[in-house]
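Hi,

Here is the structure I promised to pass on to you. Have a look at it first, and then read my notes below.

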Amino acid sequence: MNFTAIDFETANANRSSACSLGLVQVRDGIITAEHVWLIDPRQRFDGMNIAIHGITPSMVQGQPTFEELWSTVEPLLQDEIVVAHNAAFDMSVLRYCLDASGNRYPDFQYLCTYLLGKKMLDELPSHKLNVISQHFGISLKHHDALDDARAAAMILLKLMEQDQKFEPLLLADNQGYTAGKMFAGGYTPFKSPPKKAPRKRQPAKAPALPPSSPSVKPYF
């Protein structure tokens, strides 16, 4: 049960505006390390984003840019199984930041606890991080990058326990999902395989009359 959970917060709607990153390492089912960084996005902060996560421009002054931080973060992601809640968002933030800084993508596989939770906890009214955390009794300061990453890690552990599949990739496969991948030059999403379209039934053909049979006239 080894994996790494991450969570990004952004300064504005631009996915390259990461202003905080939380990262939690799990080894043998136990959280063994936690990291959190403030990041100077060198971009404006939207009031709506500040209201969500509480990070202000003054808080990131003097903090590293993503490009400066990447040499520290890359070894923590390379060849890992990476987990995020709503991974589509966090993976896009990572890609946009890498593209903007001119860095190559690392190689890893990733899972989404939002989609897994939606599949496995269909009785819940919502599958947001705070709702699933409350369901499992996980303490959460929502939109704090480290707390969100920690909650995603603990949710995955709970889902593996529920399904009795104690490896992240086995859990994803058992639930009908294919792990997403990031690699040099591209990525693939975490997704379920497409459903096969039902085969159309061909209309039955009337049996052909033997060549020697006389034509059959209709009754009137």
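**What I found**

Right after helix 7 comes Gln-164, and its phi is positive, near 55°. (Helices here are DSSP runs of H or I with at least four residues, strands are runs of E with at least two, and both are numbered from the N terminus.) Before you go further, note that this is a predicted model: local features need pLDDT of at least 70, side-chain atom pairs count only at pLDDT 80 or more, and totals for chains, interfaces and linings use all residues. Residues are numbered from 1 along each chain as its sequence is written, and side-chain values use heavy atoms, with hydrogens and water left out.

**Two helices**

Back to helix 7, which has 19 residues. From its first C-alpha to its last it reaches 27 Å, close to the 27 Å expected at 1.5 Å a residue (the expected span is 1.5 Å times one less than the number of residues). Helix 7 is mostly covered, with 14 of its 19 residues buried. Buried means under 20% relative accessible area, exposed means over 50%, and partly exposed is in between, using a 1.4 Å probe and protein chains only.

Helix 4 covers residues 87-101, so to speak a 15-residue element. Its reach is 21 Å, close to the 21 Å expected. Among its buried residues are Ala-87, Asp-90, Met-91, Leu-94, Cys-97 and Ser-101. If you are wondering about the spacing, an α-helix has 3.6 residues a turn, so residues three or four places apart point the same way. Helix 4 is followed by Gly-102, which has a positive phi near 75°.

**A hairpin**

Now find strand 2 (residues 18-27) and strand 3 (residues 30-38). They pair in the antiparallel sense over eight bridges (two strands pair if DSSP finds at least two bridges between them). One bridge to look for joins Leu-21 to Trp-37 in strand 3. The two strands form a hairpin with two residues between them, and Asp-28 in the turn has a positive phi of about 55°.

**The cysteines**

How many disulfides are there? The count comes to zero, where a disulfide is a pair of cysteine sulfur atoms within 2.5 Å. Why is Cys-19 not in one? The closest cysteine sulfur to that of Cys-19 is in Cys-97, and because it is 9.9 Å away, it is too far for a bond. Cys-19 is buried, with a relative accessible area of 0%, and Cys-97 counts as buried too, at 3%.

**Two pockets**

The largest pocket holds about 440 Å³ of space. The pocket search runs on a 1 Å grid over the protein atoms alone: a cavity is a set of points where a 1.4 Å probe fits but cannot get out, while a pocket is an open set with protein on both sides within 12 Å along at least five of seven lines, and lining residues have an atom within 4 Å of a point. Grid points are joined across faces, edges and corners, and a volume is the space filled by probe spheres set on the points.

Which residues lie nearest the centre of the largest pocket? Of the 21 that line it, they are Asp-7, Asn-86, Phe-89, His-142 and His-143. Strand 1 (3-10), helix 1 (47-53) and helix 4 each supply at least two lining residues. By class, the lining has seven nonpolar, nine polar and five charged residues. Ala, Val, Leu, Ile, Met, Phe, Trp, Tyr, Cys and Pro count as nonpolar, Asp, Glu, Lys and Arg as charged, and the others, Gly among them, as polar.

The second largest pocket has a volume of about 180 Å³. It is lined by 13 residues, and Ser-16, Pro-41, Phe-66, Glu-67 and Ala-100 are the closest to its centre. Helix 4 gives the most to this lining, with three residues.

**Two more positive phi values**

His-143 has a positive phi of about 75° although it is not a glycine. You will find His-143 in the loop between helix 6 (129-136) and helix 7 (145-163), and at 29% relative accessibility it counts as partly exposed.

Arg-42 is another non-glycine residue with a positive phi, near 55°. Arg-42 sits in the loop between strand 3 and helix 1 and is exposed, with a relative accessible area of 62%.

Happy exploring!
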